[in-house]
Structures are given as structure tokens and as C-alpha cells.
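Morning, everyone. I have one model to walk through, and I will keep it quick. Please bring it up on the screen.

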Amino acid sequence: MMKAFIQKTLLFTVFLCSFTVFGQNPKLTVSGYVKDVKNGEGLVGASVYVKELSSGNSTNIYGFYSITVPAGKYTIVFSSVGYQKISKTVDLSLTNQTLNLEMKEEGKELEEVVVNAKREDDNVKSLEMSVNKIDIKAIKKIPALLGEVDLVRAIQLLPGVTTVGEGASGFNVRGGGVDQNLVLLDDAPVYNSSHLFGFFSVFNPDAVKDVKLIKGGIPSQYGGRASSILDVRLKEGNSKQLEINGGIGAIFSRISIEAPIIKDKASFIVAARRSYIDVLAKPFLTGNNADTQFSFYDLTAKVNYNIDQKNTVFLSGYFGRDIFGNQFGFNWGNTTLSARWNHIFSNKLFLKTTAFYSNYDYLLDSDLANKRPDNAFKWTSNILNYSFKPDFTYYITPDNTLTFGGQVLTYGFRPGDAVATSQGEKRSFGQAPKDGIEYSAYIGDEWKVSPKFSFQAGVRFSRYDFSSQEEFYYERVPVPVSADFTSGYTLKFIPNDKGKTLKTYQNFEPRLALNFTTGENSSVKASYNRMAQYIHLMSNTAASTPLDVWTSSTNNIKPQLVDQVALGYFKNFNDNAYETSIETYYKTMDNQIDYADRANLFLNPFFEKDLLFGKGRAYGVELFVKKNKGKFTGWVSYTLQKSERLIEPLNNSDWYPSRYDRTHTLNVVGQYELNKKWSFGANFAYVTGVPYSLPIQQFQIEGKAYPLTPVGTRGNLRVPDYNRLDISATKKNKKALFKKGESEWVFSVYNLYNRRNPFSIYTRPTEDDPTKTEAVRLSIIGSFVPAVTYNFKF
Amino acid sequence: MKTKLLFIIAIFTTLLLTSCEDVVQLEGPKSDSFLIVEGTITNQKGQQVIALSQSQDYFNNATVKGITNATVKVTDNEGKVYEFKDVKNVGKYVWTPKSTTEIMGAIGKTYTLEVTSNGETFRAVSEMKRVPKIDSIAYQADTRENETDPKKPKVGFEAQFYGRDFTGIGDCYRIKSFKNNKEVELRRGGVQLAYDAAIQKSRTADGLVFIIPVRRSISPDLFVEKDTITVELTSITEGHYDFWTQATQEVNNAGLFSRPSANIPTNVININLSSSKKASGWFGTSALSTFTTIVDAKKARTGLK
């Protein structure tokens, strides 16, 4: 570890020396913003190419670019998929130049699907591997459950991404847990990405600009989660004119409004969605059920203001909630707020400063209407973040970019406060609050050494301080395994100085990505990353529930550490119309958590005694073929993988498949534009069933059969394989409401051939005779689901 | 609370989407049979029974076989031995008092069960815990509009029982209710438990009046005029509470939020730890409180929480 660190430090010293050498040449810089002429949105990843030097760069997530070259006159070509190329001559003989420009969408006879808003050969030329970017327009073309365009469900069609089953919340990347994904909404983490358990995600597709999923070779600017980064960027809002988008679907209705506040200078977007099952069901709910609440909604908003050439500020927020229940009910939701200041120090140095707040909370109440305050049960829980993070980008040469920055992230864990009132007597209980601060600093350099070789190397240093405001903290002490101590541990009380740091963890997280260009349109890439994660989701159920509690790393719970190596070959065909890649990865995971028999994770102050710690490993091969151009577009992804855990004493202390170990995953996504009016979409998914275990014996007590599973076997059998076909047809209308704008009808059928895909198999006593036993196959979606959605824009 | 919550989640999920269940035929794994102990010694007058049976492969739905020709005895912590005899030769071992005044169980005593069968000896230990008295049963008029079982009343009285848990964390109880001397079945099967004054284990319901969910647990269905309501509150050990909690959880462990299956604990062990012949089930000891009332509309209360 230490040796590796020293090597890294040396490597960096060499880099920094090389920068100063470059810095001595007389060089000048051209920089600026590239935007979409139609709505003023910054174009992400547009290519900025210096013809004379045959080299170039691309715009960052705000559409900013910077190129530093020896003094002279240059022709710079700006290009982005789906936009008209722009060529500009820049005189850089004397001074640095600023060049902002707006690009126009290509006029086409037919509206082709733009799968990527980026350079056409980006997947081959860039250093990124194990990365999937999907344009929101492409996501909107995928046939969706109940016609609701859904980002997380679309991601589940990509290689290396699985889920434990239909309706399960979150997603699993390369054999990692759902808590190992950092889901960012304009830089603020979202702790629960689902509405209605896992059927829909919290992202309003009308407010999303682009989505990037990083599964491996994670650059040093990202940290805090072990398996992946899902970076969701919101639209900035149309800075040219008023734009209204909306839709009426089977589940949600949604509307978004974007408009300039000051033309070309400031704009905003506000987007809202609400489900209305409760409204429709109201007439059918009578008596005790009349008060039933059953809804979910979200509100997404963003404003931006270009103060001047050098300064832009953004403010964005998300607020969403799911509400269920009548007298007894619960609700949960995320709130995020992020403020960002982008500042250009010089033509070469770009600073992005972000401050954010994120809160995930839930409430469970036996008495929503407050009818019996003397006899009630209330339970609240939340996880709260405040963070400040500056990120610098230094454009040294067109071929060499340095990024560095840091972050302070505070965590407040309130895992469960419950108040039980019986005949007016109140008792409070639950899990002690915990606090954490994560500090991190990173540096990374991306360098195109030659046309044949480029690399990105970096390191992130993270430190985590755990503290508690309680009078006691607990230490795990081994005891003989017994019915009361199934994990073999008990907890010792230790008096605590409130607020004192009880445990500090520090990690160096090296990151490396290499690109060897092997031909005009092909490359070999390799990457390594180490990720440290200081928070853990306590979840012992097949699918994670909204009530699962996030907990801090403590003196007992060590941070999760993941090392991943990946190797891939990337090749494009037919003028980049086809992108193909094959990647293989191997991942080791330390300090993984499983649970002892009868572990109680809710409101149990002593839950740390019920935890079991061990390790995990995951490896696999991912194939991806994508067609980007033409009337027919889409992709095929196939993943062969294994995800295992070794957590003693489970499974007789042998490796067992994790709940999301799915050997084969095949997804085929296709879209066809027939003419200006009609387009069609289809997707097919085939996934190996999840592992499960059966009891071996039954015994009878009081006239009922009970199972015996004495060896703690995990995953010795598999649920039958999953497969499903969805289709959709979209009919575009020239005019929307009030004869303005445009509109479309989307007809879709989810699970077209009406397959009952099993989520799980379980055993139970039969209803008629509880001394008899049977096995039951549970399907979450047991039939085909047709839907119609109407979308409009004006 | 948690199970109720998961239940609600399950209901909503079911309502919204067309989830469905099919019974499927599976070949279960084959393994050795366990010796199963079922029996609870009480502090009541009369016979005490301990049943021994064999476990069988999970999907084997044959009638369970009793274990005969075993020797079964219980020894209390003062050394007094109680012999149990399988009079009918079906695996039901019975201790019969020598006189009408002889009572086997006493609060505070520890009892050791010893079973010898086919050359293997099994042992279980349990202490008889204290039980508080039931102060009253109250009922008020109520309706169950959504009752689908024609045998169950839609209009009647919902009953609650009142009692106060002892001070001291960790008192565990099992609650049964009877309608006209017939045991009332819980809505979702299983058994009704209490840990101190609440259902779930926590350190905070100690010494309270049994909280609402416990109080109301005796009335999953409504009672009607002239029904005799009997409530039995019995003490159980914390191990026995865990046994029932786990057993109930294992037979209701289904759906989106199911847990990995866990073994149902047992207090019966083979004294030869290395023997391949294992035992399961539970040997329990319970002290009992009862309260009986007859429903009289004139005495019905209003505004009960």
C-alpha cells in the first residue's frame, strides 16, 4: 500500500515537471463555450479540433473548452453528433482569444435518433472505458413500463448492469450492491432513486439533459462509492424562448416549463410530475379506506445565470415524495439542492465550485390523521449531507489536461427515531444518530502522449471521521455463537465524549486508464481503479426497501474497498455508424456486509452485533454493439458475469452467489423510424434467474408445517430465467394543443408475450391444510401491460 | 410493526400491478430426519404433554410420524423427576399427576427435559417465567365492512384486554384468545407474541400497559352479543419468543422484500454434539393468566383507543 503510494507520488512529480517544461514555450489559448442555438444548452463532449495540428479536445459538461497551442493562425473545427460542423479561423499570434459559438442541429429529412451528443468516435478515441452515455432522446425511444420513460430502467439495458428483479429499487453494477452506486443529480447524491419501490425512477425525463454511467476506470474526481457513478445532469433551461413540455400517461402526468429570464444570459426550468392512481381510485374507496393516500410526485428545478464571460452560476433542486397509507401509512423522499459557480480564471484554468445539500428521509406513522394521539407509533429516519467541492481543470496543451480539486462532505445519519405512545405514556427509542465527515482531495492528468497512446492517471485521497453525539458507543466483542448471539458477537458499552472522533479511516485511491490506438477506428483500453466507500445500506431483503437504513462506517464497520481492473477492445465500423466493444473486468470487494440469522436492522440500537463481515469478488465479460446512424438504431448488450461473497459462517464459510449474481444478461434494444409520422421501438431482455435456497426438511408444531434450513445454505438453486419483450409505436402529430407546437402519441406494450417472469420462489404451508407444504412462484408483473401516453411540446 | 408494514407494501404492490403467484412442483433435496420436540409445561392443574415426531423432506406431504419407544423425563432444579409415558403409543408422552392437587409447573423453577430415543439422548432446559394478571377485557361496537368470510360477523364488537407488563426488560408472552372456548385464529396464521408491553423486541416498552397492537390482537375478528371471550396470557422464555418469531417469519417469507431463509432456533440438543442425529422444535415452560367475559351490548364501551 505504502509502496504503491510512493510510486504514485513519484509518477506525479514527473508529470508536474513535464508541465513546467511545456509551460516555457510561447503558447496562447483559445477558449469558450459551445451551445445549442435552439435552446442555449451547453453542448457536452463536442469535439474541438485544431486542423493544422491534427489534435484537439472536447467540451466539458458545461460546454466549455480550452485549447492551448503555439502562437499562430489556426482553423478550428467544432463538431458534435447531430449538429452541423462549424469551422472557424482563429488568430492566436498575439493574444489569447475567447470564442463562443452556437451550433445548429443538422436538418434531416427524417428525424434520426441521436444516441450520443458527442464526438462520433468518442468511444474509441477517449480514455473512458466501461462508460455508457445515453442521450435522453434515446431513452425516450425505449418502450417503457406503462409508457413512463425511465432512466434507471433504461440503464438496466446496458452491459454490466443488473437488478435483483422487476420492481426492485436501484440497480447493480458489475456485481456490486445497490448502495455502491453514486447517483448524482447535478452533483448532489440521491439516496433512493426510485418511486413506488422500484418501478419508476425519480428522474423526470423532461428535465434531464444527459446521463453518464461509469462502471470502471473511474476518474479521480469521483469518489465515495465503490462500484459506479451515475451522473445525471439537468437541463439548464431554454435561454432563447419559452418552451413547455408535458405528457399524460397511465401513471404520471408531467409538465415542464423552461424560459429565458434574460435572453441568452439567464434561464430556468421547472418540471413537475404527479401520479394519479389515488385520484382515479377515489370513487372506489369507501369507509375505512376513504382516507387512503397513495401517490408520488416530484419537482425538479434549475436556474442559471451567465453573469459575464467568466462567471456562470447555477442553482438546481429536486424534491420528491412517495406517500402511502390511510390511518397507518408512510412516506419517503429525496431532497437535493445544489449551487454551482463556474469561473474561468484564465483561458486555461476552469473552476467549478459546488455546494450541495441532500436529504433522504422517511416517516412511518400509525396515526396519520392524528386521531389517537394517546396511542400511536411514529418512526422517522433520515440521512443528510452538506458538501462543498471545488474542481479545477487546467488545460495545459490540447493534449494534456490536468484536473484537481477536493471535497468536504458531512453526513448526518438519523437511522431511526421512534416514539411509541401507549395510553398517553411516551417512550422514545431507536438507533443512535451518527455523524461523519468525508474529506477528499484528488489530482488527475489526461495526456495524449502520441497519436497511438494516451493515458489518464490520478489519485484520490479520502479520509473519514466518524463521531457520535451519544453518551455511549459500542464495540463488538466476540462471544460463543448462540441463539441470542447468532453472529458470535455482542456489544460492549464504552462511555463517549460527545462529538469526539471515534474512528478515522484514510485511503489512497489510485486510478489509471490507458488507451492504445490500434487502428483508424479501433483501440485497446485498460483501467484500474480503487474506490473507498464509507457508508453502507443495511438491507437484508431480496429487494432493497425504502425503509432500509444508511449507516456510517464506525469503529465496528470498516469502509468498503473495491479494486477493479478492466481491459477492453473498441472498434467502430462504417464511418462510426456501428460501435462495438468487448470488455472484461475483475473486481474484489473488501468489508462486505451480510447479516446473521434473525438480524434486526430496524430501530435496533444494537444492530451492529448482528452484522457479518467478509469479502466479495465479481468478474465478467461484456459485449456491446450499437448502431448510431440511420433509420434503424439500437444496441445489443450481453454480459457474462459472476458475483460472489465469502462471509463466514454463511454457506459453511464457502463462497456463495450474491443475490444479484446473474450469469447471462442479454438485452436487445431497437428503434425504427418509418417516416416523419411513425416510429417504432422494441426491446428484449433475457436474464439468468436469481439464486435462492430451499428448506431441506419440514416439521410440524401445533398443526402447521415449518421449514428447516440447518446449514445456512445460500443460493443453491436458481429461479427460472427471465425473458421479456416490449414494443412501442410513436405517432407524431404536427400540432399539439391549441394548434401550436408538436405532440405525439406513444402506444406501448410491456411484456408483450404475457410471460409470468418469476421474481422468486418460496415455500409455505398450504392454505387449506397447513400441515402440507408447497412451493410458490411469485411474479411481480404477471401479465402484459399496455399503455398509452400523450406528449406535447410548445 | 414491521410485518404490518411489509404487509401494506405487499398490498399496494399487488393493487397496482398484476403480480401473481403460481404453485409449482419442485423436487426438494433429500436429507436426514430430525427429532422434533413439541411441548410446553404449564403451572396449571392436570396432565402435561410432550410430543415427539420426525421431520420429513420438505415436499413430502405424508402424515407426520410420531416417535415411539423413547424415554422422556423432566427434572426440575430441585432434582424432582417427572416421568412421561407414551400411553397410546403414538409419540405423545404424558405426565399424569398423582393427585388432583399436584401441579408440575411453578414460576421461577428451571426444568430439564431429557429424551432418549434409538440410543441418542437429547436435552432441553427452560425456566418458567412470571406472568402478570389480566385486569380487564373491554369491547366496543365496530364494523368490518371488508369481511369476506361469511362465517365471520361484519357487525359486532372489537375487544381489547388490559394488563401491565412487569418492570424489568425482557418479559416475553404469548397471547391466545378464545371465542366460546374455541381458539381464535390470527388473520395471517402464526402466534401472537409480546416482548414487554410491545410486539417487537425493544428496550422501551418495559413496564407499560400492553400497547394497542397487543391489546387489540385478541380481536382479529369481531365478537357478537353473548359470545364468551377468554384471553390467555402466558409467559415464555426469550428463546421461545425467538423461536416463534422466526418460525412465523419463515412461513411468511415471500415477495419483493423477503429475507434469506434462516434456521428456526431450537433449545433441544443432542448431548453427543458430534452425532449426526439432530433435534429441533422447542421445549417450553409457561405460567398462565386468564380472563373471561361475556359480551353484553349494554356494557360495551365507546371511544376505546
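Start at a pair across the chains: Arg777(A) has Asp22(B), in β1(B), as its bridge partner. That pair belongs to an antiparallel pairing, with five bridges between β1(B) and strand β50 of chain A, residues 773-779. On terms: strands pair when DSSP finds at least two bridges between them. Helices (H or I, at least four residues) and strands (E, at least two) are DSSP runs, numbered from the N terminus.

Ground rules next. This is a predicted model, where local features need pLDDT of at least 70, side-chain atom pairs count only at pLDDT 80 or more, and totals for chains, interfaces and linings use all residues. Residues are numbered from 1 along each chain as its sequence is written, while chains are lettered from A and ligands numbered from 1 in the order in which they are written.

Now the whole interface. How many residues does each chain bring to the contact? Chain A gives 72 residues and chain B gives 68. Contact here means C-beta atoms, placed from the backbone, within 7 Å. On the chain B side, the elements giving two or more residues are α1 (2-16), β1 (20-24), β2 (35-42), β4 (56-57), α3 (238-251) and β17 (279-286). The largest share, seven residues, comes from α1(B). By type, this side of chain B splits into 32 nonpolar, 22 polar and 14 charged residues. For that split, Ala, Val, Leu, Ile, Met, Phe, Trp, Tyr, Cys and Pro count as nonpolar, Asp, Glu, Lys and Arg as charged, and the others, Gly among them, as polar.

On to the strands of chain A. Five of them make an open, mixed sheet, ordered β9-β16-β17-β12-β13. At its edges sit β9 (131-135) and β13 (188-189), each paired on one side only. Inside that order, β12 (181-185) and β17 (228-234) run parallel over five bridges. There, Leu185(A) faces Val232(A).

Further along, β22 (311-325) and β23 (329-344) of chain A are antiparallel, with 13 bridges. Leu315(A) stands opposite Ala339(A) in this pairing. Then β23(A) pairs with β24 (349-365), also antiparallel, over 16 bridges. Trp341(A) is opposite Thr353(A). A hairpin of four residues links β23(A) to β24(A).

One residue to click on: Met589(A), in strand β37, residues 578-595. Buried or exposed? Met589(A) counts as buried because 27 C-beta neighbours lie inside 10 Å. The cut-offs are 20 or more other C-beta atoms within 10 Å for buried, 12 or fewer for exposed, and partly exposed in between. Beyond four places in sequence, its contacts include Gly176(A), Ala226(A) and Lys615(A). Gly176(A) is 413 residues away in sequence, yet 8.4 Å away in space, C-alpha to C-alpha.

Next, the cores. A nonpolar core is a set of buried Ala, Val, Leu, Ile, Met, Phe, Trp, Tyr and Cys residues joined through C-beta atoms within 7 Å. The largest has 183 residues; among those touching the most other members are Leu151(A), Val37(B) and Ile211(B). Ile211(B) contacts residues including Ala420(A), Ser422(A) and Ala198(B). A separate core holds 26 residues, including Val34(A) and Ile396(A).

Last, chain B has domain 1 (35-128 + 266-285) and domain 2 (130-238 + 289-299). Those bounds come from an automatic or database domain assignment. Their centres, over C-alpha atoms, are 29 Å apart.

Key
Two residues are in contact if their C-beta atoms, placed from the backbone, lie within 7 Å.
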